[in-house]
Amino acid sequence: MIYTVTIHHISLWPLNYGRPAHQQRQTPFLGPRLTSQSPSKDGKPGPSPPHWGLRRKSGWEAAVKRHNLTKRWLMKIIDEREKNLDDKAYHNIQELENYAENTQSSLLYLTLEILGVKDLHADHAASHIGKAQGIVTCLRATPYHGTRRRVFLPMDICMLHGVSQEDFLRKNQDKNVRDVIYDIASQAHLHLKHARSFHKSVPVKAFPAFLQTVALEDYLKKIQQVDFDIFHPSLQQRNTLLPLFLYVQSWRKRY
């Protein structure tokens, strides 16, 4: 799994920010759920046989009992990944968000438990951050997946703009391909914005669990700067200032 972070308590861009006037439009809200990816969808080696995962469950269960964590969250992560061993593309953005909710968000719920935080607003923020994380992970992994002739971006948004998987495999940079990325990135931005709307209600004790928003915001800003060209070389470069941004957010007690 990948973890990330953010600098200032500001929205990344309005829905039409940075788009030429003739391209501006309202991005449809495609559903409030979470997402994440199966092991290979995360750009990692393929999964072990299913029975290996089932065998590992007993070890996880022991760890959950030992540290007094909620078993349900850990089982959600394992069960969701086992359901996605076939590595099929997401049919729609809701599928991606559901996957993220059951994996990335569940991991955040466990992190909050470890921090001793039991708060409804913190849970809401964790849900949205997990969804944003899942969507950004899917976007970031797209160039890598292309080298393996795989595309996992939500098919409903691709069909909406008349884009095929072959367009991504050929690294097509036409406007309709960028529009697909724009719509998906905008959904991640909305989740990040919703998560920050709970800032004043979330206990400060929970903030360390949410500092991954720094890296999320950094990626979303960079992809906006290159007009949503998912294959732009700058998106593969590390931001050496991220540790500083992380420290600043932590010092300011923001996420």
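This passage describes the fold, the salt bridges, the nonpolar core and one helix of a predicted model.

The chain contains 11 helices and 0 strands, and the order of elements from the N terminus is accordingly written α-α-α-α-α-α-α-α-α-α-α. Of the 255 residues in the chain, 53% are buried. Among contacts with a separation of 6 or more, 80% join residues that lie 24 or more positions apart. The accessible surface of the chain amounts to about 12500 Å², and carbon and sulfur atoms contribute 56% of this area.

The largest nonpolar core comprises 58 residues, of which Leu 139, Leu 153, Phe 168, Val 202 and Phe 210 touch the most other members. At least two residues of this core come from each of helix H2 (71-83), helix H3 (93-114), helix H4 (120-140), H6, H7, H8, helix H9 (207-210) and H10. In soluble globular proteins, nonpolar side chains tend to be buried together. For Leu 139, the contacts beyond its neighbours within four places in sequence are with Leu 153, Ile 181, Ile 184, Ala 185, Tyr 219 and Ile 230. One of these partners, Tyr 219, is itself a buried residue of H10.

The count of salt bridges in the model is 7. Side chains of opposite charge can pair when their charged atoms come close. One such bridge joins Arg 149 to Glu 166, with an N to O distance of 3.5 Å. This pair connects distant parts of the chain, 17 residues apart: Arg 149 lies in the loop between helix H5 (142-147) and helix H6 (155-160), and Glu 166 belongs to helix H7 (residues 165-169). Arg 149 is classed as exposed because its relative accessibility is 54%, whereas Glu 166, at 30%, is partly exposed.

A second bridge is formed by Asp 179 and Lys 175, whose closest N and O atoms are 2.6 Å apart. Both residues are located in helix H8 (residues 175-196), and because they are 4 residues apart, about one helical turn separates them. An α-helix has 3.6 residues a turn, so residues three or four places apart point the same way. The two partners nevertheless fall into separate classes of accessibility: Asp 179 is buried, with a relative accessible area of 4%, while Lys 175 is partly exposed at 41%.

A further bridge brings together the side chains of Glu 217 and Arg 196, at 3.4 Å from N to O. Here too the pair links distant parts of the chain, with Glu 217 in helix H10 (residues 213-225) and Arg 196 in helix H8, 21 residues apart. Glu 217 and Arg 196 are both buried. Elsewhere, salt bridges with shared partners unite Arg 149, Glu 166 and Arg 170 in one network.

Helix H10, which carries Glu 217, has 13 residues and spans 18 Å from its first C-alpha to its last, close to the 18 Å expected at 1.5 Å a residue. The helix is mostly covered, with 11 of its 13 residues buried. Nonpolar residues among the buried set include Val 214, Ala 215, Leu 216, Leu 220 and Ile 223. The buried set also includes Glu 217, Asp 218 and Lys 222. Cover for the buried residues of H10 is provided by elements including H4, H8, H9 and helix H11 (242-252). After H10 comes Asp 227, which has a positive phi near 55°.

Key
Residues numbered from 1 in each chain as written. Predicted model: local features only at pLDDT ≥ 70, side-chain atom pairs only at ≥ 80, totals over all residues. Heavy atoms only, no water. Buried < 20%, exposed > 50% of the residue type's maximum accessible area, 1.4 Å probe, protein only. Contact = heavy atoms within 4.5 Å. Areas by Shrake-Rupley, 256 points an atom, 1.4 Å probe, with all protein chains shown as cover. Salt bridge = Lys/Arg side-chain N within 4 Å of Asp/Glu carboxyl O. Core = buried A, V, L, I, M, F, W, Y, C linked by side-chain atoms within 4.5 Å. Expected span 1.5 Å × (residues − 1).
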